[in-house]
Amino acid sequence: MAHYLVTGGAGFIGSHLVGRLVGQGHRVTVLDDLSSGRVEVLPRGVRLIVADTADAQAVSEAMAGVDGCFHLAAIASVQRSVEDWAGTHRVNLTGAITVFDAARKNRVPVVYASSAAIYGNQEVLPIAETALPAPRTAYGADKLGCELHARVAGLVHSVPSMGFRFFNVYGPGQDPSSPYSGVISVFIDRIRRGEPIVLHGDGYQTRDFIYVGDVVQHLIAGMGQASVEAPVLNVCTGQATSIRSVATLLRDIAGSAVDIRFAPERPGDIRASIGSPRRATDRLAVRADTPLAIGLTHTFQAV
Ligand code: NAD
Ligand code: UD1
């Protein structure tokens with residue numbers, strides 16, 4: 001049994017990870033400012049520290065005595081980083097550096113969330129980790145910054161880490177309530193209310209959607225493989241789905257005929273996002289094997 005710190009543990013991916021760790025018998029401390037996370041999702045017995053990841057003292061105290069840190073706290077919305085550049089930077093990069101710095105003082109390995117957003121638009125698909133990063137938004141630039149600082153943490157301060165470039169994660173518990181929420185949670189919410197689905201752009205942009213349970217498997221396997229070389233791995237399925245297809249699949253699952261409407265494309269939006277899972281499969285012996293139709297059905301039924 002180990003003791004883990006999970007930043008952002010009250011959020012969507014974090015709460016699934018915390019549930020799995022507690023189920024495996026581990027002790028868990030969560031550090032979360034509850035800006036989008038909710039206390040109710042935390043299992044009994046989990047210690048919650050309500051604090052900001054940019055608060056060096058709070059993060060260092062939370063990390064004292066833990067065996068590993070999963071750093072997931074961030075403002076996860078790409079669109080919000082377009083609107084609030086400096087504000088999201090403070091959370092998404094300063095927060096991460098604060099976590100690495102505390103890990104250095106406490107000698108703790110860090111598994112952290114990067115993003116497929118670091119790739120921007122690539123010509124060669126599916127995207128492998130060797131592709132040259134080309135972020136198009138502040139969010140993507142800050143996630144790439146996290147990877148560079150993880151490298152510094154390893155090279156200069158001997159902090160072992162493992163970075164995960166999550167592609168588009170979906171599943172039960174993803175909050176649909178903000179205009180910045182993940183597309184699947186937003187579409188499910190619209191369908192439930194009988195309101196039209198809105199496609200930004202022509203709807204033919206693609207994403208590699210991965211079920212949250214598969215992401216949790218990668219995170220847990222990654223903790224055992226953190227190293228001072230600061231490796232980064234894609235977390236994806238290798239399957240591309242257009243936003244239009246997601247809309248129709250969800251309408252079919254729900255037996256709904258809500259309208260599909262169009263709005264302007266989002267600035268900085270990525271056109272085609274599909275990752276190669278090969279390196280993660282080879283290195284961690286895990287595979288994202290939840291088919292989209294099954295994952296969407298679970299998600300729809302869980303709402
Ligand atoms: P989420 O918004 O559900 O969870 C983020 C959590 O972090 C929330 O509980 C929030 O309250 C907390 N938080 C935010 N700012 C904080 C701060 N300054 N201090 C402390 N806590 C703070 O988002 P999520 O979808 O669960 O994303 C988790 C991580 O995965 C993020 O780092 C995100 O960038 C990354 N990611 C998510 C996706 C996706 O598709 N959901 C894809 C790629 C990467
Ligand atoms: C998502 C994640 C981000 C992650 C990235 C990795 C969220 C909120 N964002 O960004 O954290 O790093 O994947 O690839 O989880 N769309 C519509 N209609 C809507 C909402 C969205 O057409 O009502 C479109 C968007 O324009 C975009 C696509 O759906 O083309 C996906 O949008 P979104 O779910 O916000 O995710 P990403 O921007 O890909």
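## Surroundings of ligand 2

In this predicted model, the shell around ligand 2 is made up of 13 nonpolar, 7 polar and 3 charged residues. The shell holds 23 residues in total, and the closest of them are Ala76, Ser115, Tyr139, Val183 and Asp269.

Polar contacts to ligand 2 involve both backbone and side-chain atoms of the protein. A polar backbone atom of valine 183 lies 2.7 Å from an oxygen atom of the ligand. From the side chain of glutamine 205, an N or O atom is 2.9 Å from an oxygen atom of ligand 2, and for the side chain of arginine 207 the corresponding distance is 2.7 Å. The protein buries 89% of the 740 Å² that ligand 2 exposes when taken alone. Two elements give two or more residues to this shell, namely helix H6 (183-193) and strand E8 (197-200).

## Surroundings of ligand 1

Around ligand 1 there are 28 residues, of which Phe12, Asp32, Ser36, Leu72 and Tyr139 come nearest. By class, this shell comprises 15 nonpolar, 9 polar and 4 charged residues. Tyr139 is thus listed among the nearest residues of ligand 1 and also among the closest residues of ligand 2.

Oxygen atoms of ligand 1 are approached from the backbone at two positions: a backbone N or O atom of isoleucine 13 lies 2.9 Å from an oxygen atom of the ligand, and a backbone N or O atom of leucine 72 lies 2.8 Å from an oxygen atom of the ligand. A side-chain contact is provided by lysine 143, where a polar atom lies 2.9 Å from an oxygen atom of ligand 1. On its own, ligand 1 has 830 Å² of accessible area, and the protein covers 92% of this. The elements that contribute two or more residues to the shell are H1, strand E5 (110-115), helix H5 (138-157) and strand E7 (168-170). Among the contributors, E5 gives the most, with 3 residues.

## Packing of helices H1 and H7

Helix H1 (residues 12-23), an element of the shell around ligand 1, also packs against another helix. The axes of H1 and helix H7 (residues 212-223) come within 9 Å of each other and cross at roughly 65 degrees. The crossing of H1 past H7 is right-handed.

On the H1 side, the contact is formed by Phe12, Ile13, His16, Leu17, Arg20 and Leu21. H7 supplies Val212, Gly213, Val215, Val216, Gln217, Leu219 and Ile220. Sorted by class, the contact contains 9 nonpolar, 3 polar and 1 charged residues. Two of the H1 residues in this contact, Phe12 and Ile13, reappear at ligand 1: Phe12 is one of its nearest residues, while isoleucine 13 supplies a backbone polar atom 2.9 Å from a ligand oxygen atom.

## Backbone geometry in the loops

Most residues other than glycine have a negative phi, and most peptide bonds are trans. Against this background, three loop positions deserve mention. The peptide bond from leucine 125 to proline 126 is cis, with omega near -5 degrees. Proline 126 belongs to the loop between E5 and H5, and both of these elements give two or more residues to the shell around ligand 1.

The other two positions concern phi. Serine 158, which is not a glycine, has a positive phi of about 60 degrees; this residue is placed in the loop between H5 and strand E6 (161-166). Alanine 230 likewise has a positive phi, near 55 degrees, and is found in the loop that runs between H7 and strand E11 (232-235).

Notes
Residues numbered from 1 in each chain as written. Chains lettered and ligands numbered in written order. Predicted model: local features only at pLDDT ≥ 70, side-chain atom pairs only at ≥ 80, totals over all residues. Heavy atoms only, no water. Axes fitted to C-alpha atoms, helices over the stretch in contact; angles between N-to-C directions. Helix = DSSP H or I, 4+ residues; strand = E, 2+ residues; numbered from the N terminus. Left-handed = near helix turned anticlockwise from the far one by under 90°. Contact = heavy atoms within 4.5 Å. Nonpolar A, V, L, I, M, F, W, Y, C, P; charged D, E, K, R; others polar. Near = heavy atom within 4 Å. Polar contact = N/O pair within 3.5 Å; in protein donor to acceptor, adjacent residues only side chain to side chain. Areas by Shrake-Rupley, 256 points an atom, 1.4 Å probe, with all protein chains shown as cover.
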